[in-house]
Amino acid sequence: MTKAKEEIVALRDVSRYFGGITALSGVDFTCHSASVHGILGENGAGKSTLIKILSGVLKPSAGEVLVEGRPVTYRSTAEAVRDGIVCVFQELSLIPDLSVADNIYIDTPPKRFGLIDRRAQRKQAVELLARLNASEVHPDTLIRDLSLSRRQIVEIAKALAKSPKLLILDEATSALTGKDVDTVYALLSDLRADGVASVFISHRMHEVDALCDRLSVFRNGQHIETFDKGERSDAEIVRLMIGREISAQYPPKPKRQPAPPALEVKNLRWENSLKGVNLKVKAGEIHGLGGLDGQGHKELLLAVFGALKGVEGEIKLHDKPFRPTSPAACKKAGLALIPEDRKTEGLMLNLSIRDNLLLPNYAAVSRGPIIDSRRADDAVRDGVTRLQIKAGDTANPVETLSGGNQQKVVIAKWMMLDPDIVLLNDPTRGIDVGTKQEIFRLMRELADAGKTILFYSTDYAELIGCCDRVSILYDGAVVTVLEGDALTEDAIVAASLNMHERGAA
Amino acid sequence: MIAKPLRRNRGFAAALILFLVLFVVYHILHPRGFSTAVFIQNANETVAIAFVAMAQTIPVLIGGLDLSVGAVMTLTACLASYLVVGTPAQMIFGMFLTLLAGTTFGVMNGLIVVFGRIQPIIATLATGAIAMGLALLLRPTPGGDIDADLNWALTNSVFDFAETYGLADDGNAAWLQPFANIPVPLIILLVVAFGVWTPFKRTVTGRTLYAIGSAESAAKLSGLPVRRAKIAAFGLAGFFASCGGLYLAIQTSSGNADITQAGAYTLNSIAAVVLGGTSLLGGIGGAIGSLVGTGILRVISFYFRILSVDPLIQPLIEGLVLLAAVSLGALRTLRIKNKLEHFR
């Protein structure tokens with residue numbers, strides 16, 4: 001306990017760019033031995049990039065990484081592990097078709113005569129799992145057959161097996177059960193007593209409060225402030241995390257008349273992601289979905305759109321029970337889903353703009369089995385004008401367009417179907433402000449025309465500026481519905497972190 | 001101990017049961033019942049394709065496909081028809097060179113796939129044609145003169161092997177008798193399979209193969225030697241293919257650059273791999289399963305012989321059996337919950 005605190009890792013003026021996007025800019029960050037260092041920030045604040053640089057997944061575009069005072073440039077995670085920097089990844093790094101024991105000792109198995117000693121490996125795995133209070137996990141089970149929470153425990157065991165000097169936990173408790181979380185807390189205290197440094201990223205404020213000695217707040221890729229636990233109140237921390245003006249222009253929100261719910265979701269459950277979602281969206285309403293990444297938003301939209309199997313619960317469209325059996329059936333029922341990743345799920349990048357626009361609409365522009373090219377031309381022209389897609393020639397491949405215009409193509413092709421309920425999965429990610437405004441304007445137009453809009457965005461400002469009401473999801477359920485004056489950034493952040501669960505803030 | 005892996009890999013277990021049933025019924029139906037002569041003949045007809053199927057398994061495990069295995073087998077057979085001649089020492093050296101050549105060819109495939117960033121199926125389509133071209137240059141017409149003793153010793157029973165080389169009292173030693181009737185080709189096959197593949201599976205490189213096929217990004221995040229494992233996968237495929245080529249040359253005492261045969265071996269190897277429970281998506285299965293898969297393919301064709309099935313409908317039956325067998329493997333997709341995963 002009384003070991004002097006040494007610098008384990010220090011970042012000096014580190015930046016990282018992805019194409020034109022700055023994920024981290026000029027970050028200075030230090031973490032010391034025998035400490036637990038919490039990292040806080042909104043979605044896209046640069047937390048994940050930071051830990052990827054620490055653990056050797058990414059190289060910094062500029063700046064210097066010092067490990068125990070020595071500058072390093074890691075080319076792979078293996079090199080970082082050799083220096084004792086081990087990361088428990090949020091996107092699990094386990095191999096589904098190998099056993100638990102194989103995974104824990106995947107790259108450094110115990111050996112005999114140059115071959116993997118499976119008996120020793122199994123024995124060590126059993127000991128490690130016992131240390132994590134997870135003896136019920138059999139070392140010979142395949143990862144594929146484990147639940148998400150057990151996988152997470154195996155992932156932590158795998159990190160521990162490498163005897164880390166710096167252990168990075170990226171949302172490592174998000175999938176764990178209460179009992180496991182306690183085990184991880186105890187483990188982190190043990191490690192701290194042994195002089196190990198931990199970097200802990202969590203969206204659960206009370207966890208960060210309970211565990212960490214020091215906290216660092218990140219925002220927009222910049223390191224804002226680092227302070228010891230207790231120096232700042234929760235409210236101050238939230239302000240540090242937000243710290244910006246709402247700048248974009250949004251169309252004015254009209255006064256809403258009471259309207260019957262167009263889409264109603266009752267107690268929707270799916271696997272580990274949806275744990276009883278209740279939602280009522282009125283006709284003519286833009287209904288926002290907020291909260292931190294990975295709380296079940298995407299799954300909710302996919303479930304409503306019939307892309308998931310084994311969904312339990314009730315869905316009603318205009319007060320009539322509706323079973324979303326497949327995306328095709330949902331399309332017929334008047335639903336449209338603007339998918340999250342336009343490059344893989346929304347567009348055929350190397351097909352022409354015209355073909356992309358017509359893709360879900362061929363039936364409408366055909367006479368019998370033959371596509372009527374004049375009607376098709378009209379439909380394409382309509383779509384292009386309506387969304388003001390800036391394209392020279394609609395025969396060009398979609399990939400020649402800018403990101404914003406690509407997104408407009410995705411939206412336009414669904415609008416041509418004249419859907420009744422539009423589900424938008426983070427449609428404004430990575431597009432410019434001008435295009436965003438056009439999309440917001442279109443959403444409002446649709447709502448005014450009596451359509452129903454369910455809009456998921458990772459940007460709180462958009463939710464506030466655009467939506468009539470916002471439901472905040474936390475851990476697979478709606479925790480709060482905000483509307484009117486209660487719809488503020490502070491309220492969203494507080495609800496996203498599920499703070500009122502402790503009666504704070 | 002055996003039960004667990006069997007339960008783990010249902011495909012392999014199903015293949016093994018299917019093979020055993022087919023094999024036993026075959027011998028019951030056979031007009032002469034079980035006989036050493038038939039067993040030896042069958043084993044001889046199985047060795048080359050079994051080696052090629054094992055070769056195919058390894059690229060399949062990393063989620064690729066090697067279209068050059070049949071051609072590499074043919075190339076090395078032609079090479080062996082020149083090299084495996086002369087004194088016993090020279091012949092052994094020739095065998096070594098043959099295997100080295102095949103392995104080198106495989107490593108070259110691996111280098112092209114890893115550093116050229118070309119999909120395995122396309123890369124090996126090209127290199128397979130190159131191997132075939134080299135084989136044709138070596139043996140424009142079938143030929144070669146491999147030692148008759150070697151041919152006799154390796155294509156018959158253990159007793160014949162011992163007798164040929166004057167070992168164990170010309171094969172009459174008492175201790176040899178329990179093994180005397182086992183076909184030498186079967187022993188060669190099992191020794192290579194369990195002597196090379198099984199230990200390889202227990203190295204970090206071997207484990208990495210499975211990791212790549214199962215989740216390549218996770219393998220990279222875990223710091224596994226992904227590139228090295230891919231190169232090793234194709235190298236080992238080349239090695240097994242050249243084992244097949246070497247045996248084929250000794251068996252026929254010659255080399256023959258037969259394009260049709262090379263293509264047929266490649267396609268049958270893929271069928272054997274799938275029948276043996278290896279997933280074409282990678283990550284699941286193994287070379288031992290492919291041995292069993294080969295066994296199934298071969299036994300089916302032996303049936304045609306004893307049941308005098310019209311040759312015209314043989315391909316139809318083979319196709320139906322194959323379709324039925326791989327359909328069992330597809331049952332796994334019924335467990336997928338997010339329908340979009342089907343397309344990933």
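The exercises below, each with a worked solution, concern a predicted model.

Residues are numbered from 1 along each chain as its sequence is written, and chains are lettered from A and ligands numbered from 1 in the order in which they are written. Local features need pLDDT of at least 70 and side-chain atom pairs count only at pLDDT 80 or more, whereas totals for chains, interfaces and linings use all residues.

**Exercise 1. Describe how chain A is divided and how its domains meet.**

Step 1. Chain A is split into domain 1 (7-242) and domain 2 (261-502), with bounds that come from an automatic or database domain assignment. The C-alpha centres of domain 1 of chain A and domain 2 of chain A are 34 Å apart.

Step 2. The contact between them draws 12 residues from domain 1 of chain A and 12 residues from domain 2 of chain A, where two residues are in contact if their C-beta atoms, placed from the backbone, lie within 7 Å.

Step 3. On the side of domain 1 of chain A that touches domain 2 of chain A, helix H7 (205-211) and helix H8 (234-242) of chain A each supply at least two residues, and H8(A) gives the most, with four residues. Helices (H or I, at least four residues) and strands (E, at least two) are DSSP runs, numbered from the N terminus.

**Exercise 2. Locate the largest nonpolar core and its best-connected members.**

Step 1. A nonpolar core is a set of buried Ala, Val, Leu, Ile, Met, Phe, Trp, Tyr and Cys residues joined through C-beta atoms within 7 Å. A residue is buried if 20 or more other C-beta atoms lie within 10 Å of its own, exposed if 12 or fewer, and partly exposed in between, with C-beta atoms placed from the backbone.

Step 2. The largest such core has 235 residues, of which Leu423(A) and Phe51(B) touch the most other members. Helix H13 (residues 226-252) of chain B contributes the largest share of this core, 17 residues. Because domain 1 (7-242) and domain 2 (261-502) of chain A both give residues to this core, it lies between them.

Step 3. Beyond its neighbours within four places in sequence, Leu423(A) is in contact with residues including Leu301(A), Phe305(A), Ile338(A) and Leu454(A).

**Exercise 3. Characterise strand S22 of chain A and its pairing.**

Step 1. Five of the five residues of strand S22 (residues 452-456) of chain A are buried, so S22(A) is largely enclosed by the rest of the structure. Thr452(A), Leu454(A) and Tyr456(A) point one way from the strand, while Ile453(A) and Phe455(A) point the other way.

Step 2. Two strands pair if DSSP finds at least two bridges between them. Strand S15 (residues 286-290) of chain A pairs with S22(A) in the parallel sense over four bridges, and Ile286(A) has Ile453(A) as its bridge partner in S22(A).

Step 3. Strand S21 (residues 421-425) of chain A also pairs with S22(A) in the parallel sense, over five bridges, and here the bridge partner of Leu424(A) is Phe455(A).

**Exercise 4. Place two buried residues of chain B and find what they touch.**

Step 1. Asp66(B) lies in the loop between H3 and helix H4 (69-83) of chain B, and Asp66(B) counts as buried because it has 34 C-beta neighbours inside 10 Å.

Step 2. Although Asp66(B) and Phe234(B) are 168 residues apart in sequence, their C-alpha atoms are 8.0 Å apart in space. Not counting residues up to four places away in sequence, Asp66(B) touches Phe234(B) and Ala237(B), and also Asn109(B) and Pro120(B), among others.

Step 3. Leu246(B) is found in helix H13 of chain B and counts as buried because it has 28 C-beta neighbours inside 10 Å. Its C-alpha atom is separated by 6.4 Å from that of Thr76(B), 170 residues apart along the chain.

**Exercise 5. Identify the contact between the two chains.**

Step 1. The contact involves 23 residues of chain B and 25 residues of chain A.

Step 2. Helix H1 (3-8), helix H11 (204-214) and helix H12 (216-221) of chain B each supply at least two residues of the side of chain B that touches chain A. The largest share of that side, five residues, comes from H11(B).
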